[in-house]
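This report describes a structure with two chains under discussion, going from overall measures to single residues. Please look at the sequence and the model before reading on.

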Amino acid sequence: MEHSRVLRVVVPTLVGIAFLVVWEVLVRVKGVPEFVLPAPSRIWESLIANFGSLMFSLWITLRVTLSAFVLAVVGGVGLAILFSQSRLIEAALFPYAVVLQVTPVVSIAPLILIWVGYDHVEIALLIIAWIVAFFPILSNTTLGLRSADHNLRDLFRLYGASRWQVLSELLLPSATPYMLAGIKISGGLALIGAVVAEFVAGSGTSTGLAWRIIEAGNRLDIPKMFAALLLLSALGIITFFALTWAEHRLLRRWHESALKREN
Amino acid sequence: MPSSALIDLKDISKTYDSGTQALRSVSTSIAQGSFVSLLGPSGCGKSTLLRIIAGLVQPTAGTVSWPSTDGARPADIGFVFQDATLMPWASVFDNVYLPFKLRGQSVRDASPQIMDALARVGLAEFAKSFPRELSGGMKMRVSIARALVTRPPVLLMDEPFAALDEFTREKLDDDLLALWQAENWTVIFVTHSVYESVYLSERVLVMGARPGRILHDVLIDEPHPRTRAFRATAAYGQRCAEISDALRHDAGAM
């Protein structure tokens, strides 16, 4: 194995294993009560014991996260394209997109739940997660669409390119790296949004992982809390790597950020 | 050399919104098939004049007319910028395909012309490469291939080799001359290098700044093809000295 790979994969793995071993040993030797800090082995047991219900919850959270994420991409990119085509629309709407972003979503969440109704909780969760996730895509894509090389714009004009050609052949490809950076941030935020939404909804009608954590906490079932947390973490990590991989695939042939340097 | 006028500039003036007068009353005529340089210090409006000819900038006053096409600007104009101005996300082939693509011509129809243009700038085997894989000089060649692929009647070049090292620049100067001789182009070449303008052109329009205007219209009546040996001749040195003096005189008068 090459040196850099050892550094990037093996070293963090060893650190992780060492951490778990120290944790396990300390808990056992010191006799830490399970409701304060369960040993890793107990968390694993709990994960296996509750596998069915946790997987179901994982599916709920995943569904909300993915739907919110996809809608954030569609909405963010779509709105950014609209902004790039009309200064008037941008001037009219952008400030409100910012308002939506800077207002803490937790404080709007109860309102959304009331409006949507508790019989459609999943839609409420989706809306909350979407609000959290869509702004980075909107602002990054808007910036990207404005960043096209002005000489290339002139060249397109010289060749008599239509508005649509300028958008599809010049503005969108130029904006892709920006857009992907926004999408990567949004992937994580969609999950955070989904979790926050579940916490706020927290009535028991939603059964996602975040609700499992609250439920297990109320019952002082700390190992199960950790098990749910572990799954949430895994979901976040997988999302991050999937998006990083997609970004690399799309940009590797041309963009500076995806290039390997010799020196 | 055919001498009918390709472009007639009449009393071109340009004042920017900021109040800066970039050009004042520029009139000249560019002959079909000629190689003309616009030479002058920064801020003399030479790039602005080129952009006005291309139709990218509207003059505040004056007219640009194209006698050979009933006065209208031809649909096809080759333009080369100071930077190669390539699309980094597209291969060399796709970059050169751009002018055809924007006209709705299919890759299959355009392919022979694209490969021919790449061959003429010596990059046929780099068609599949991406711009980042090329050197500065090679990128510039791609840019030239893109400008000439549609066989436009005129090639406008805005300080195209200014950012390159001297060795590469001289090589590209020679290549450009060879291409110009082989085709029946008209080239308008903006530069701030006296030596480059004398080496390349049949005619040098020496421009002065604030406001931008044409000070001297110098004919370089040395035969083409010109080679490196031309740079060593007394005639070349004398031309360079004359034009340098003219430029210095203008700078002193400011």
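Of the 254 residues of chain B, 40% count as buried. The model is a predicted one, and its scores are ipTM 0.87 and pTM 0.82.

**Chain B as a whole**

Chain B contains eight helices and nine strands. Along its principal axes, the C-alpha trace of this chain spans about 55 × 40 × 35 Å. For 254 residues, a compact globule would have a radius of gyration near 18 Å, and chain B agrees with this because its own value is 18 Å. Contacts in chain B between residues at least 6 apart in sequence can be sorted by separation: 72% of them join residues at least 24 apart.

How confident is the predictor in chain B? The pLDDT of chain B averages 86, and 97% of the residues score at least 70. Among the elements of chain B, helix 2 (residues 92-102) has the highest mean pLDDT, 93, while helix 8 (residues 234-253) has the lowest, 79. As a rule, where pLDDT is low, the predicted coordinates should not be read in detail.

**Two helices of chain B**

Helix 1 of chain B covers residues 46-54. Nine of its nine residues are buried, so helix 1 of chain B is largely enclosed by the rest of the structure. The buried residues of this helix include the charged-letter positions B:K46 and B:R51 as well as B:L49, B:L50, B:I52 and B:I53. After helix 1 of chain B comes B:G55, with a positive phi near 90°.

Helix 3 of chain B (residues 107-120) has 14 residues. From its first C-alpha to its last it reaches 19 Å, close to the 20 Å expected at 1.5 Å a residue. Which residues of helix 3 of chain B are buried? They are B:A110, B:I114, B:A117 and B:L118. Helix 2 and helix 4 (136-148) of chain B are among the elements that cover these buried residues. Helix 3 of chain B is followed by B:G122, which also has a positive phi, near 75°.

**A hairpin in chain B**

Strand 8 (residues 203-208) and strand 9 (residues 213-219) of chain B run antiparallel and are joined by six bridges. In this pairing, B:R203 of chain B stands opposite B:L219 in strand 9. The hairpin has four residues between the strands, and B:R210 takes a positive phi near 45° there.

**Positive phi outside glycine**

Most residues other than glycine have a negative phi. The table lists two residues that depart from this pattern.

| Residue | Phi | Location | C-beta neighbours inside 10 Å |
|---|---|---|---|
| A:L220 | about 55° | loop between helix 9 (209-218) and helix 10 (222-251) of chain A | 10 |
| B:D11 | about 50° | strand 1 (residues 5-15) of chain B | 13 |

Are these two residues exposed or partly exposed? A:L220 counts as exposed because it has 10 such neighbours, and 12 or fewer is the cut-off. B:D11 has 13 and therefore counts as partly exposed.

**Where chain A meets chain B**

The contact takes 15 residues from chain A and 15 residues from chain B. On the side of chain A that touches chain B, helix 7 (150-158) and helix 8 (163-201) of chain A each supply at least two residues. Helix 7 of chain A gives the largest share of that side, seven residues. By class, the side of chain A that touches chain B has eight nonpolar, three polar and four charged residues.

One residue of helix 7 of chain A is A:F156. Why does A:F156 count as buried? A:F156 has 20 other C-beta atoms within 10 Å, and a residue is buried if that number is 20 or more, so A:F156 meets the cut-off. Leaving out residues up to four places away in sequence, A:F156 touches A:A161, A:Q165, A:V166 and A:L170, and in the other chain B:L102. The C-alpha atoms of A:F156 and A:A201 are separated by 51 Å; these residues are 45 residues apart along the chain.

Notes. Residues are numbered from 1 along each chain as its sequence is written. Chains are lettered from A and ligands numbered from 1 in the order in which they are written. This is a predicted model: local features need pLDDT of at least 70, side-chain atom pairs count only at pLDDT 80 or more; totals for chains, interfaces and linings use all residues. Two residues are in contact if their C-beta atoms, placed from the backbone, lie within 7 Å. Two strands pair if DSSP finds at least two bridges between them. pLDDT is the predictor's confidence in each residue, from 0 to 100. The radius of gyration is taken over C-alpha atoms; the globule rule is 2.2 Å times the number of residues to the power 0.38. The expected span of a helix is 1.5 Å times one less than its number of residues.
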